[in-house]
Amino acid sequence: MEWTATILALLSLASIMLCQASQATNPDLIKSMPGLLKQPSFEMYSGYLDGTGANKLHYWYIQSQHAVTDPLIIWLSSGPGCSALYSGLTSNGPFRVQSDGVHLDNNPSSWNLNANLLYIDAPVGTGFSYSANDLYASNDTAVTEDHYQALLSFFTKYPNSTLNNIYLAGDGYSGVYVPLLLAKLDSVSQKLPLQFGGFAVGNPHTSQVLQDNSLIGFAYHHGIIGEQLWAELNISCCSQGKCNFHNNTNKECVSAVNQTVNDVINIGINPFKVNGDCAGGVPVAAGMMGKNGFYHYAPGVQHIFANNDFAQEQQKSIKGIPSWKLKADLTCVDTTPVTTYLNNALVRSALHIVDQSPKWEVCNATVYQLYTQQYPDMSSVYTDLLNTFKYRLLVYSGDQDATHNFLGNEWFVTGLGRQAEVQWRPWLFKNALGQDQVAGFVKEYDNIAYLSIKNAGFWAPQDQPLATSLLIYNFIYKRPY
């Protein structure tokens, strides 16, 4: 394979190139980041990587503040169709966009304190990624191949990075993208001998069945539904101590589940952090026209009980709306500052965004409409990776997120049937006062760990930056949690 041969050749040259001059002549070098009072001492690059065919995937590469030989964390987008740059500018990157959409603050808990960061947006149509032939229909298999080709393109641009320890990461639907990409890389590992150490995924998509079944208990124990509805659910959906909320055919159960799902995602509770406020007030329901003339849908919650009647009706209404009339909103989340910043002409120029790239949106409605999800359960992919005994896997969950709730992901990791090495226990971090605090709880198995993060929602690095940055540092440097 031509790409593989190229990478192998670059591997042999990388050690020599480490001693050469910096990448200052690289046209993707960001010379000045708009909105900063002082430019950073570390280098950053932005441009496009070659995907499959005519696909061009946007990337943002940020070097470590410590040493360029630090591990490389490759952060993939979520959605499908939601940009990785949102996390980079609100959660785990070196800067956070201020409320005016113009200025940037430094993030003292950035993951690039001790790691290199690479953000990649896929499929095309996500963020600034685009296709020269305007074909935006995609699926999990196609995105995996796009990611793989993009990494080959990246290591061609940055051959020194082939010497780093490399970890994949992401949140939400990256729970599909990340394991599939590592499986792809493992399948070609004999031809492409890079140092992939594993992956870390936050509040990931793991199992549709387990997420659905666990959400009901999550809603009750977070006070979203009352005693009467909880009793109806247990009577109509459960038998002999086992409950099936996911695809129960009992009409009373279906009705009670529909009411619960509606209370979680449609009445104005922030599903990404149920103990947080709803930015902008209670939103219009999915599939309804808002004041701005657009039909709104929430890309982060459409998978919840996706096969029941309630969700199917919403999906049917959304699929029938022209994509240009759809508006993808992260329910109860104010994405205006990041959207304003990334669509500023000066920012687009600094990031080397070409005219063919679309206007940046946190999530793209067309991508979602045309996407086919192929993996309702990721158990077999995890098992195959663990059985290689080559990779370390980490699943972490903010305990206030309803979209990919912590309980379902704990059940998922437990259900993999790996040998337990560390029983359930609290894990600690130091707060801003230097005091030890409980960050959450952890259980470790052979080569995989599950951790909860206390009082964090879907974007745990945003809600609990000190705890989450410590967690990732310990993971990539193989230290105890």
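**Exercise 1. In this predicted model, describe how the axes of helix 3 (residues 140–157) and helix 4 (residues 174–187) cross, and say which residues meet there.**

Solution. Begin with the axes, which come within 9 Å of each other and cross at roughly 60°. An angle from 35 to 65 degrees falls in the oblique class, and helix 3 and helix 4 are therefore oblique to each other. The handedness of this crossing is right-handed. Next, look at the residues: on the side of helix 3 the contact uses Asp140, Val143, Thr144, Glu145, His147, Tyr148 and Leu151, while helix 4 brings Val176, Tyr177, Leu180, Leu181, Lys184 and Leu185. Sorted by class, this contact of helix 3 with helix 4 contains 8 nonpolar, 2 polar and 3 charged residues.

**Exercise 2. Work out how helix 4 and helix 12 (residues 379–386) are oriented, and which classes of residue form their contact.**

Solution. The axes of helix 4 and helix 12 come within 10 Å and cross at roughly 40°, and that angle makes helix 4 oblique to helix 12. Here the crossing is left-handed. Helix 4 takes part through Pro179, Leu180, Leu182 and Ala183, and helix 12 through Val381, Tyr382 and Leu385. The class count for this contact of helix 4 with helix 12 is 7 nonpolar, no polar and no charged residues. Leu180 of helix 4 thus appears in the contact with helix 3 and also in the contact with helix 12.

**Exercise 3. Carry out the analysis for helix 5 (residues 208–221) and helix 13 (residues 406–415).**

Solution. The two axes come within 7 Å and cross at roughly 135°, which makes helix 5 oblique to helix 13. The crossing of helix 5 and helix 13 is right-handed. Leu210, Gln211, Asn213, Ser214 and Phe218 of helix 5 meet Phe406, Leu407, Gly408, Asn409, Trp411 and Phe412 of helix 13. In this contact of helix 5 with helix 13, the residues comprise 6 nonpolar, 5 polar and no charged.

**Exercise 4. Describe the second largest cavity by its volume, its lining and the elements that supply the lining.**

Solution. The structure holds 4 cavities of 30 Å³ or more, and the second largest cavity has about 40 Å³ of space. Its lining consists of Ile73, Trp111, Tyr167, Leu168, Ala169, Ala200, Ile472, Phe475 and Ile476. To place these residues, note that strand 9 (165–172) and helix 15 (465–476) each supply at least two of them. Finally, the class count of the lining of the second largest cavity gives 9 nonpolar, no polar and no charged residues.

Technical notes
Residues numbered from 1 in each chain as written. Predicted model: local features only at pLDDT ≥ 70, side-chain atom pairs only at ≥ 80, totals over all residues. Heavy atoms only, no water. 1 Å grid on protein atoms, 1.4 Å probe; cavity = no way out; pocket = protein on both sides within 12 Å on 5 of 7 lines; lining within 4 Å. Points joined across faces, edges and corners; volume = space filled by probe spheres on them. Helix = DSSP H or I, 4+ residues; strand = E, 2+ residues; numbered from the N terminus. Nonpolar A, V, L, I, M, F, W, Y, C, P; charged D, E, K, R; others polar. Axes fitted to C-alpha atoms, helices over the stretch in contact; angles between N-to-C directions. Parallel < 35°, antiparallel > 145°, perpendicular 65-115°, else oblique. Left-handed = near helix turned anticlockwise from the far one by under 90°. Contact = heavy atoms within 4.5 Å.
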